[in-house]
Every structure is written in C-alpha cells, then in structure tokens.
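Student: I have a structure open on my screen and I'm not sure how to read it. Could you walk me through a helix and a core?

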Amino acid sequence: EGDFAVAYFGDGAASEGDFAVALNFAATLGSQTIFVCRNNGYAISTPVSEQYAGDGIAVRGLAYGLPTLRVDGNDLISVYNATKAARELCVREQRPVLMELMTYRVGHHSTSDDASRYRSVDEVSTWTEDGVSPLGRMFRMLRAKGLWDEGVEKQFRAAVRAEVINALKAAEKKQKGPLRDIFTDVYDELNWAQQEQYQELLEHVKRHPKAYDLSKYRPS
C-alpha cells in the first residue's frame, strides 16, 4: 500500500535511547516510516561536537540497515527531491528510510533560551549571509529564473504583514477557550487526577476573582 509515516526529530533526540530502539524496530519489522533528522548543530545549548564523535546521524541509519540520505537542509529543492526519493523507496520496498538534513538553528531554542550564552555572534552571522540561509538561497534561485524580484518581495511582505495584523486584531476580540480545555487535549475522558486538578483550578479561581477575568473565557 502507499501509506507511510514520517517521524521528525532533531540531533538532540538522536542522542536518546528511543532513537536507536525506533530504528532497530522499524528496520527489523519493515515499517514504512521515513525518519527525518533536522541536524541544526545544537541540542538546546549542547553542540553536536559534544553529542557524538562519529560522522553525524546518517551513519547510524546504515548501521541499522536503513537506506539513508544526507541532504543540504538549507536547500529547499534538494530537500524536496530527497524526500520524494525517500518516499518512493519507502513505499516500493516497504522499508524505513533515514534522512539527515544538515542545517543550522539561527534563533534561540525557545523563548526561555539565551543562545548568546553558548555561541558567538560571528558564528550565527556566518549562517545568515545571503546565499547561505534557506530564504536567501531560495530568493537567489527565483530571481535568477525571473520568478521573483525586490519589488515583488516588498509587496508580498507588506501584504502578509497586514494580513497577520488583521488576524491578530480579530483574534483579540474573541473569547479564549474554556478553562476545561486545559485538561481535555490528551485523553478522551478526564481521569481522576485530571478531574481533581480541574476542580482545584475552579476553586482557586473562585477564591481570587480579582486576579482572573473569566469574561475573557468561554464557559466550560
């Protein structure tokens, strides 16, 4: 059949034991799964130089018997073609495939992360140069083919900015979801622990009415 699954993860996740187990099970059971590793150089603050001494993640796929592709993750066309080939192989031979996309995380890992504490500005700027970053390289290619230019870019950015601002304004006027939704996004029915936590939350909000404006939320 043509069905297959895709598992996305980073270089940091590849250091977990679950990664090795997943690849081994997939290989021995013939799972139609494409494992896509986005190797962006860091697992939060841990660089890949401290994560492995071997040749990246791709070599591990070969060790477990998986057809493996290493791709320039900053090249959209290369990623597309490699993914297409991986999908065809995965379905045709009914076996898993590992892809390692080599890229770089320019931004912080999360809003609580300060990347300047463990890497230099010069390091980051090297990856944001025109012709190196994914957007810059895509812009160059489209411009070379006559499909994009500075004028179109400026108009597009202005239109998208206006669209996003209008969407935010519209969203701010709507009520937020009911408090109960905090507990209903995992299980079909609340278990006893979730029910207790939900009741505790309601009691807490009731005791501190000045701290919580329930008019902003839809009723549960």
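Tutor: Let's take one helix and then the nonpolar cores, keeping in mind that this is a predicted model.

Student: How many residues does helix H7 have, and how far does it reach?

Tutor: A helix has an expected span, at 1.5 Å a residue, that you can hold its reach against. H7 covers residues 192-207, so 16 residues by the DSSP run. From first C-alpha to last it reaches 23 Å, close to the 22 Å expected.

Student: Which residues of H7 are buried, and which are exposed?

Tutor: Buried here means under 20% relative accessible area, and exposed means over 50%. Gln194, Tyr198 and Val205 are the buried ones. Looking down the axis of H7, these fall within an arc of 40°, so they line one face of the helix. Over on the other side, Trp192, Lys206 and Arg207 are exposed.

Student: What happens at the start of H7?

Tutor: Look at Asn191: one of its side-chain oxygens comes to within 3.1 Å of the backbone nitrogen of Ala193.

Student: Now the cores. Which elements supply the largest nonpolar core?

Tutor: A core like this is a set of buried nonpolar residues joined through their side chains. The largest has 11 residues, including Phe9, Phe19, Leu23, Phe35 and Leu66. Helix H1 (17-29) and strand E2 (33-39) each supply at least two of its residues, and H1 gives the most, with three. Another core lies apart from it, with 10 residues, among them Ile34, Ala82, Ala86 and Val97.

Student: And what does Leu66 touch?

Tutor: Leaving out residues up to four places away in sequence, Leu66 touches Leu23, Ala27, Phe35, Gly61, Pro96, Val97 and Leu98.

Note on methods: Residues are numbered from 1 along each chain as its sequence is written. This is a predicted model: local features need pLDDT of at least 70, side-chain atom pairs count only at pLDDT 80 or more; totals for chains, interfaces and linings use all residues. Side-chain values use heavy atoms; hydrogens and water are left out. Helices (H or I, at least four residues) and strands (E, at least two) are DSSP runs, numbered from the N terminus. The expected span of a helix is 1.5 Å times one less than its number of residues. Buried means under 20% relative accessible area, exposed over 50%, partly exposed in between (1.4 Å probe, protein chains only). The arc is that of the directions from the helix axis to the C-beta atoms. A polar contact is a pair of N or O atoms within 3.5 Å; within protein, one must be able to donate a hydrogen and the other to accept it, and residues adjacent in sequence count only if both atoms are side-chain atoms. A nonpolar core is a set of buried Ala, Val, Leu, Ile, Met, Phe, Trp, Tyr and Cys residues joined through side-chain atoms within 4.5 Å. Contact means heavy atoms within 4.5 Å.
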